[in-house]
Amino acid sequence: MTQNTIIIGAGISGLSAAYYLEKAGEKGSITILEAAKHPGGKVATTHEDGFIVEHAPDSFITTKPFMLDLVSELGLSKDIIAPANSKFFILKDGKLMDVPKGLNFMVATDEDAFMQSEMFTEAGKHRALEEVNIPAKKFDADEDESFGDFVERRFGKEMLENYAEPLFAGIYSTPSYELSMKAAFPMFRNMEQKFGSITQAINAIPVPEAAPKNKNENLQRSPFVSLKHGMQSIIDALLQKLYKTKILTEAKVLSIHKNGDGYKVITDTHIYDAGRVIITLPAAAAATLFATLDSKIQNILESFPSNSSRILTLAFNKKDCELPDATGYVVAKGSDTLLSACTWSSKKWDYRAPDAYHLIRCFFSKTELLKLSKDELIMIANQELSKLVPVHGTPVKSWLSNYPNLLPQYKVGHLEKLKQLNMLLEALPEIQLIGAYYDGIGMPDCVKQAQAL
Ligand SMILES: Cc1cc2nc3c(=O)[nH]c(=O)nc-3n(C[C@H](O)[C@H](O)[C@H](O)COP(=O)(O)OP(=O)(O)OC[C@H]3O[C@@H](n4cnc5c(N)ncnc54)[C@H](O)[C@@H]3O)c2cc1C
């Protein structure tokens, strides 16, 4: 059998898979086939007139060390930056509300500040503080629960709708009563099982008291970091580091066929022999490649749900738009607004815009907005922003990125579905799947999967 490894897709999953294969001393050849003109997938940064615009990821989490380790191996540690600001708002009842000081994973660690918050009613606050007295629920081994049921059961509905859903369920672009606890938030479930309540679990973690004194200290404490020159510097550094992998762009894979012990991988211009195939595409695109191999795998992959999002990034002259010192806002359930969230990138990170400008990322996910033109979205964003902060003019620059059905949703039962998929894949041992729909949605999860593989 040929020792060729074909990796399909040159996003962070495909490129880091090639990197770890090379690092492990892979003897055979490694080829990446990528449909787009450029490698990188969703990780893409535009540098224009002093602006640094992120098209999808703008940061990564450091509590999962895989991405941080890779960044360090790529020699990029010196470029890591922490957020310049940690405050963010919740948009509720048409107002930007401060998150109560000390609110940590829904647990009010500063009860006085929590009791003064405008974000919850008196009854809602007392209900959230009751969490410590609510006994842990007993589960059967494979039993899942929705994030919404979990938070409502432990902290009450207000904590869910005003805080947990916009902040945590938003990351998974999934309504909270459909989002799987087991797949998305196993740590909260483990906290409940181990400590009896999330409050006791959080209180058991030593919390540093003083505010960070300088940027280095901030860097050590921040769970999210970015890179000075943008996230695409990770992709560029990976491309530099790969010494034996061949990367072919504009090479869309159409099908895979069995060929003795190996496979034939077919694009519209070539046929490649492979001993091993690593598929790093989003689930729906991966599904199409199984049409000729195994229709059951194709069906399961097609059933992985996804959501759509559009990101409109706007540059405003500072005299035309005044922003408070904060990273932006997320939106409480039931709020009357067309944006799903808004990041004030130039407030959140240094180096993102020239001094005289703000850079703002507006997220749209409502179905009725997915087909609107860029100009229509700019108008809506301007209107929505001006309800919240002083806006005296229009943006001087704009960038639009579209992700149709490209945000994986981890719905209740996700892990069961993965189990079935993995059982079927045992019949095709030299085909491996990794990616954001599979075992973790963020970049560190993709890198973890590539490393494990
Ligand atoms: C709007 C948005 C914001 C995000 N923000 C963050 C964040 O802040 N932090 C974070 O950690 N994560 C974030 N993520 C998630 C992160 O971007 C993804 O987890 C990660 O980039 C997925 O990488 P991947 O390589 O698995 O897939 P992709 O990046 O999707 O790469 C797959 C590649 O396969 C190619 N391809 C598709 N079909 C074919 C084919 N038939 N043949 C050949 N090639 C093909 C595509 O062109 C693409 O290049 C965000 C995602 C989105 C959409």
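Begin by selecting the ligand in this predicted model and displaying the residues around the ligand, of which there are 30, with Ser 13, Glu 34, Lys 42, Ser 59 and Ile 441 coming nearest. Keep the ligand on screen and pick out its oxygen atoms, since three contacts can be followed from there. Glu 34 places a polar side-chain atom 2.6 Å from an oxygen atom of the ligand. With Ile 441, by contrast, look at the backbone, where an N or O atom lies 2.6 Å from an oxygen atom of the ligand. Asp 58 likewise offers a backbone N or O atom, in this case 3.3 Å from a ligand oxygen atom.

Next, select the strands β12, β2, β1, β16 and β22 and show them as a cartoon. They make up an open sheet of five strands, in the order β12-β2-β1-β16-β22, and the pairing is parallel. Going from one strand to the next, the twist averages 20°. At the edges stand β12 (246–248) and β22 (431–433), and because each has a single partner strand, one side of each is left without a neighbour in the sheet.

Within this sheet, zoom in on residues 5–8, which form β1, and residues 276–279, which form β16; the two strands run parallel and are joined by four bridges. To find the register of this pair, label Ile 6, which stands opposite Val 277 of β16.

Now move to the helices and select residues 12–23, helix α1, together with residues 232–241, helix α11. Two packed helices are described by the angle between their axes and the distance between the axes. For α1 and α11, the axes come within 10 Å and cross at roughly 35°, and the crossing is left-handed. Show side chains for Ile 12, Leu 15, Ser 16, Tyr 19 and Glu 22 on α1, and for Ile 234, Ile 235, Leu 238, Leu 239 and Lys 241 on α11, as these residues make the contact. Coloured by class, the contact between α1 and α11 shows seven nonpolar residues, one polar residue and two charged residues.

For the last stop, select residues 89–92 and 95–98, the strands β7 and β8, which run antiparallel and are joined by four bridges. Across this pair, Ile 90 stands opposite Met 97 of β8. The two strands, β7 and β8, form a hairpin with two residues between them, and in the turn Asp 93 is worth selecting for its backbone torsion, as its phi is positive, at about 50°.

Conventions: Residues are numbered from 1 along each chain as its sequence is written. This is a predicted model: local features need pLDDT of at least 70, side-chain atom pairs count only at pLDDT 80 or more; totals for chains, interfaces and linings use all residues. Side-chain values use heavy atoms; hydrogens and water are left out. Axes are lines fitted to C-alpha atoms, for helices over the stretch in contact, and angles run from 0 to 180 degrees between N-to-C directions. A crossing is left-handed if the near helix is turned anticlockwise from the far one by less than a right angle, and right-handed if clockwise. Contact means heavy atoms within 4.5 Å. Ala, Val, Leu, Ile, Met, Phe, Trp, Tyr, Cys and Pro count as nonpolar, Asp, Glu, Lys and Arg as charged, and the others, Gly among them, as polar. Two strands pair if DSSP finds at least two bridges between them. A residue is near a molecule or strand if one of its heavy atoms lies within 4 Å of it. A polar contact is a pair of N or O atoms within 3.5 Å; within protein, one must be able to donate a hydrogen and the other to accept it, and residues adjacent in sequence count only if both atoms are side-chain atoms.
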